[in-house]
Amino acid sequence: MKYLFFTNTPAQVHQYRNAVAELRDRGHEVLVLAREYGCTESLLDYYDVPYERYGSAETAKFSLLRQLPKHYARIAVAARRYDPDCVFGRGSYAALAGAVARAPVVLVDDSETTDLDHAVSKPFTDAFLTPHTFEKDLGENHYEFRGFKELAYLHPETYEPQTDIREALGVGDDEPYVLVRLNAFGSHHDVGREGFGPDQRRRLVEALAERATVFVSDEGGEMDLAETPARPYDLHPALLHDALAEADLLVADTQTMVTEAALLGTPAIRSNSFVGDDDMGNFVDLERHGLVYNLREFDAVLAAATDLLDDPDTAARWRRIRDDYLEDKVNLTAIVVGVAENLDRLETAAVGGLERVGDLTHRGGARESPLPFDPERVRSDGGER
């Protein structure tokens with residue numbers, strides 16, 4: 001069989017790299033169509049993933065919109081030439097490829113806020129796969145799995161550290177360190193959103209540096225670290241999860257790394273304009289279980305960060321909560337491979353045909369009621385308590 005995957009961001013490289021490797025090991029032919037954004041190509045090369053580049057996107061706002069016509073044209077040509085049996089991805093890119101190649105389309109999505117992508121891709125999609133925390137209903141062919149897309153590479157059965165990360169970072173065995181991740185807000189779903197301002201970035205680094213070594217990963221490259229007590233995070237991007245797993249704290253105004261930190265057992269504070277009553281379900285669920293703080297007010301970010309770094313029991317408590325949380329969560333890679341090797345089930349996806357594949361549940365069934373916020377374990381100023 002021939003499979004086509006899309007990796008439009010570095011996170012999507014991680015999401016699919018294990019499935020690509022397993023399908024190739026089983027004798028299938030696989031091609032990835034990639035968009036260079038951040039370190040996407042660097043990761044594809046690192047993991048020896050077979051790919052073709054269809055375009056690029058800068059981290060500046062609206063840069064992607066200017067490139068869309070060229071992207072669509074190149075995708076259409078590549079999909080028609082490759083002639084896949086199935087397309088995996090997210091949004092309109094994968095839907096277009098499937099329509100052109102007349103192949104079934106499976107979209108794995110975890111963002112309820114991308115309304116336009118859902119509207120455009122829905123007519124051409126045979127199955128939507130989303131986490132159990134996904135609040136939006138995408139129709140009769142919508143399935144959910146217990147977990148997150150990040151568990152395709154961070155599930156305890158899958159993730160293994162690749163290096164002695166403390167030596168690579170130049171920190172001692174007992175030296176506390178914090179990662180600060182700053183978003184460029186350049187993706188189409190980030191338009192109109194914002195995170196830490198320049199002054200807040202500086203104040204955040206200075207406050208954290210009083211208690212730990214601070215590494216800054218700045219997606220947009222806008223922060224001048226020369227005048228701050230922070231170091232740039234400058235290791236290969238494939239080692240970022242090792243650095244995240246060993247860190248004492250992550251503070252970010254971005255999204256994916258916050259989920260990754262929670263699944264690795266690292267305390268995480270997330271602050272951006274997505275936080276609020278209409279926040280994405282995965283972050284709400286992680287906060288309900290005590291793994292993430294979603295905070296809009298900057299003073300609350302500083303207070304929570306210093307409290308976590310000052311508490312000697314933070315690390316052990318977070319690992320314990322993480323272990324409990326992951327007990328019933330599934331490995332997304334196994335689900336993707338299962339769907340790929342059972343394409344005949346996609347013909348009956350709208351009536352529950354994929355429920356027999358892996359750990360998928362037809363969304364038409366009953367939903368689990370969310371846990372209430374526990375004020376003893378959760379601290380948030382971003383939504384209803």
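Visitor: Which strands does helix 14 (residues 332-340) lie across?
Guide: Helix 14 lies across strand 1, strand 4, strand 5, strand 6 and strand 7, and runs at about 160° to strand 4. Such angles run from 0 to 180 degrees between N-to-C directions, with axes as lines fitted to C-alpha atoms, for helices over the stretch in contact. Helices (H or I, at least four residues) and strands (E, at least two) are DSSP runs, numbered from the N terminus. The model is predicted: local features need pLDDT of at least 70, side-chain atom pairs count only at pLDDT 80 or more, and totals for chains, interfaces and linings use all residues. Residues are numbered from 1 along each chain as its sequence is written, and side-chain values use heavy atoms, without hydrogens and water.

Visitor: What makes strand 3 and strand 14 edge strands?
Guide: In the open, mixed sheet of eight strands the order is 3-2-1-4-5-6-7-14. Strand 3 (51-56) and strand 14 (361-362) each pair on one side only, and are thus its edges.

Visitor: How do you know that strand 6 and strand 7 pair?
Guide: Pairing requires that DSSP find at least two bridges between two strands. Four bridges join strand 6 (residues 127-131) to strand 7 (residues 142-145), so the criterion is met. The two strands run parallel, and L129 stands opposite Y143 in strand 7.

Visitor: Why is Q12 called buried?
Guide: Buried means under 20% relative accessible area (exposed is over 50%, partly exposed in between; 1.4 Å probe, protein chains only). Q12 has 9%, so it qualifies as buried. Q12 is found in helix 1 and touches F6, T7 and R90, leaving aside residues up to four places away in sequence; contact means heavy atoms within 4.5 Å.

Visitor: What makes helix 10 (residues 256-264) mostly covered?
Guide: Eight of the nine residues in helix 10 are buried, among them M257, E260 and L264. Just after helix 10, G265 takes a positive phi of about 85°.

Visitor: Why is the crossing of helix 10 and helix 11 called left-handed?
Guide: A crossing is left-handed if the near helix is turned anticlockwise from the far one by less than a right angle, and right-handed if clockwise. Helix 10 passes helix 11 in a left-handed crossing; their axes cross at roughly 35° and come within 11 Å. The contact is made by V258, T259 and A262 of helix 10 with N282, F283 and L286 of helix 11.
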